[in-house]
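Thanks for asking me to look this over. Here are my notes, set out point by point so you can follow them with the structure open beside you.

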Amino acid sequence: GNLEVYECSLHIESRSIGLLLLQPPKYNFSMITQANAMLLGTLLFLTFPALPSACDHDRDCVYNGRCVDTKCACDPAFKGETCNEFNFEPLNSKGMGSGLRTVIEGDQLSSWGGSVIRADDGTYHMWAAEMVNGTGIKAWITNSQIVHAVASDPKRPMEFKRREVVWSVFAHEPTVSRAPTGEYVMFYTTNYGQKSIPCTGNSCFGANGTSDPSCPNDQQCTLDPPEPLLTRMSYSKGPDGPWSEPQLVPNPSSSDSNLACIIKEDDSILCLARPAIGMMNHSNWRDVANYAVYLPDVSNIVPDQQMRGEDPMIWLGKKGILD
């Protein structure tokens, strides 16, 4: 039928524009500069992101660039209209290495994650979760241990070779940070101090990185009551250990926290956890028992003020901004 278009001018204060429309569903919104109000019978109110090229502050460029004349000028490491993408160079895996690939006696081992730190001598060290007994990732809750791997060949700096087991089953999701005084500080999920391996009380079996069909996943646990998935902290003066007695990290939940932390020059610590747990901080990273757990302000998260995700990362950029 006939289409009547009513045009109005809006002063845009935020990163969203309100539009009134009904039809057509494939209207080209990229043509809208300020706003058009379209009436087609019944009125709907929709919210759309602002034009991606528009910015009025460096925060609109995720602090990965500068806002110049309403457009983001990205730092070399980032790209995109809001500088929200990494600007990776093409990777020559044959020249750089292929990460951590472990084969023992012809049996490939499955691993998960990998927290990497560059040591003072320039060597890269990794701590990863490795599944025992030939199982795959499905059996993480019964079969995970933490191993240390090193990329010692300067010609292949990303070719990691497994070394020792740091924490045996059950130990999972390691993240390692450096303290300003040089310590390597590990946060990880564990049953340390508990009676049983989580979920079933026993590890299961598999072959060549594939779990036996009888292995349960984390939704098929039989322990009643279940063992909590604790988060602990341990530290070492060097990447090869020895590691300190693991200390319990406060956690209001019985689930794994997936904790990732940054330790600042003043010894204070800031951590990200699963969204339901939130964040942690304290003035001294060594004082684990007194870490404060809190939910951050999410009012500026669009579109629905919700934190989502798993396995967070956190680091301090060159500008002093936390990413």
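In what order do the strands of the five-stranded open sheet run? Let me begin there, with the reminder that this is a predicted model.

1. The sheet. The order is β9-β15-β14-β13-β12, and the pairing is mixed. The strands at the edges are β9 (residues 99-100) and β12 (residues 111-118). Each of these two has a single partner strand, so one side of each is left without a neighbour in the sheet.

2. The β9 edge. If you zoom in on β9, you will find that it pairs with β15 (residues 159-167) in the parallel sense, over two bridges. Within this part of the sheet, L100 stands opposite F160 of β15.

3. A glutamate in β15. Please have a look at E159, which belongs to strand β15. Is E159 buried or exposed? Its relative accessibility is 17%, and because buried means under 20%, E159 counts as buried.

4. What E159 reaches. The side chain of E159 comes to 3.0 Å from the backbone nitrogen of S98. A polar contact of 2.9 Å also links the side chain of E159 with that of R156. Leaving out residues up to four places away in sequence, E159 touches M96, G97, S98 and G99, along with V150, A151 and S152.

5. An exposed asparagine. N84 sits in the loop between β7 (78-79) and β8 (85-86). With a relative accessible area of 52%, N84 is exposed, since the cut-off for that word is over 50%. Once neighbours within four places in sequence are set aside, N84 is in contact with V62 and K79. You may also like to check N64: N84 and N64 are 20 residues apart in sequence, with 7.3 Å between their C-alpha atoms.

6. The second largest pocket. This pocket holds about 1,300 Å³ of space. Its lining is made up of 31 residues, and those nearest the centre are V116, I117, M313, I314 and W315. By class, the lining has 19 nonpolar, six polar and six charged residues.

7. Back to the other edge of the sheet. Which strand gives the most to the lining of the second largest pocket? That is β12, with seven residues. β16 (171-178) and β22 (260-263), like β12, each supply at least two residues of the lining. Thus β12 appears twice in these notes: at an edge of the sheet, and in the lining of the second largest pocket.

Methods:
Residues numbered from 1 in each chain as written. Predicted model: local features only at pLDDT ≥ 70, side-chain atom pairs only at ≥ 80, totals over all residues. Heavy atoms only, no water. Pairing = 2+ DSSP bridges. Helix = DSSP H or I, 4+ residues; strand = E, 2+ residues; numbered from the N terminus. Buried < 20%, exposed > 50% of the residue type's maximum accessible area, 1.4 Å probe, protein only. Polar contact = N/O pair within 3.5 Å; in protein donor to acceptor, adjacent residues only side chain to side chain. Contact = heavy atoms within 4.5 Å. 1 Å grid on protein atoms, 1.4 Å probe; cavity = no way out; pocket = protein on both sides within 12 Å on 5 of 7 lines; lining within 4 Å. Points joined across faces, edges and corners; volume = space filled by probe spheres on them. Nonpolar A, V, L, I, M, F, W, Y, C, P; charged D, E, K, R; others polar.
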